[in-house]
Amino acid sequence: MTSTDTEEIMRNKAEIYCAAAERCLSDVTSKLIQWGASPEAMERILSHLLEERYLDEKRYAQAFVRDKYRFNGWGRLKIAMALRQKGIPNEPIDAGLNEIDEREYRQTLKALLQRKRKTVKGKTAYEQNGKLIRLALGKGYEMNEILRVLKQPTDEDSLE
C-alpha cells in the first residue's frame, strides 16, 4: 500500500469520525497522531475536513456548551475553561455561551442549590451556604450569580 492510499484511508476514517459527532481540531489532530499520520498528511487531511465543513470550531463550541450545560449542569466558567483546554478560540466560545438563556441559567443554578441544600449538613446557615457556594463554584457558576440565588427567599422559607 502506498502512502497516498494510507492517507486516503486516514482521511476517510477522519470523515467518519467527524460525521459521528461534533469534533474540534484538537480531537481530530489527536486521532490522526494516534493513527500514525505524518505531519504533512495531517495538514492536508485537516484542511480537507475544514473545507468540507466536517470541522467547524463555532459549531463545535455551540454543541459543547449546549451539552455540558443541559446534561452536566455546568456553569459558564467551567464550560469556557474546558473549551480553552481544547484550543478553541475565544470568539466561538463567546458565541456558544451567549446562547444560554439567562432566566434558564439562573433557574438551573437555583434548582441545583435547592436540591443540594436538603443534603448539606452544617451547624449554621453560614456553614451550609459556604458548602453550597463551593459546590456551585466547582460546577463553574459565577460567584455573583451564586450569591444572588442564595439571597433569594426559597419556597421552603415561605412555607414556614
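The exercises below, with worked solutions, deal with cysteines, salt bridges and nonpolar residues in a predicted model.

Residues are numbered from 1 along each chain as its sequence is written, and side-chain values use heavy atoms, without hydrogens and water. Because the model is predicted, local features need pLDDT of at least 70 and side-chain atom pairs count only at pLDDT 80 or more, while totals for chains, interfaces and linings use all residues.

**Exercise 1. Cysteines**

Determine how many disulfides the structure has, and state whether Cys18 and Cys24 are buried or exposed.

Solution.
- Step 1: A disulfide is a pair of cysteine sulfur atoms within 2.5 Å.
- Step 2: For Cys18, the closest cysteine sulfur belongs to Cys24, at 9.5 Å, which is too far for a bond.
- Step 3: The count is 0 disulfides.
- Step 4: Relative accessible area (1.4 Å probe, protein chains only) sorts residues into buried, under 20%, exposed, over 50%, and partly exposed, in between.
- Step 5: Cys18 has 6% relative accessibility and is therefore buried. Cys24, at 0%, is buried too.

**Exercise 2. Salt bridges between helices**

Find which helices are linked by the salt bridges Arg44–Glu7 and Glu102–Arg76, and classify the burial of each partner.

Solution.
- Step 1: A salt bridge is a side-chain nitrogen of Lys or Arg within 4 Å of a carboxyl oxygen of Asp or Glu. The structure has 11 of them.
- Step 2: Helices (H or I, at least four residues) and strands (E, at least two) are DSSP runs, numbered from the N terminus.
- Step 3: Between Arg44 and Glu7 the N to O distance is 2.7 Å. Arg44 lies in helix H3 (residues 39–51) and Glu7 in helix H1 (residues 3–20), so the pair, 37 residues apart, links distant parts of the chain.
- Step 4: Arg44 is partly exposed at 45%, whereas Glu7 is buried at 18%.
- Step 5: Between Glu102 and Arg76 the N to O distance is 2.4 Å. This pair, 26 residues apart, links helix H7 (residues 102–117), which holds Glu102, to helix H5 (residues 76–85), which holds Arg76.
- Step 6: Glu102 is partly exposed at 39%, and Arg76 is buried at 14%.
- Step 7: Arg76 and Glu102 also belong to a network of salt bridges with Glu142.

**Exercise 3. A salt bridge within a helix**

Locate the salt bridge between Arg148 and Glu145 and classify both residues.

Solution.
- Step 1: The closest N and O atoms of Arg148 and Glu145 are 2.9 Å apart.
- Step 2: Both residues lie in helix H9 (residues 143–151), 3 residues apart, about one turn of the helix.
- Step 3: Arg148 is partly exposed at 38%, whereas Glu145 is buried at 7%.

**Exercise 4. Nonpolar cores**

Describe the largest nonpolar core and the second, separate one.

Solution.
- Step 1: A nonpolar core is a set of buried Ala, Val, Leu, Ile, Met, Phe, Trp, Tyr and Cys residues joined through side-chain atoms within 4.5 Å.
- Step 2: The largest has 27 residues, and Ile79, Leu83 and Leu109 have the most contacts inside it.
- Step 3: Helix H4 (57–72), H5, helix H6 (90–97), H7, helix H8 (125–138) and H9 each supply at least two residues. H4 gives the largest share, 5 residues.
- Step 4: Leaving out residues up to four places away in sequence, the contacts of Leu83 (heavy atoms within 4.5 Å) are Tyr60, Ala61, Phe64, Val65, Ile88 and Ile93.
- Step 5: The second, separate core has 12 residues, including Ala14, Cys18, Leu32 and Ile45.
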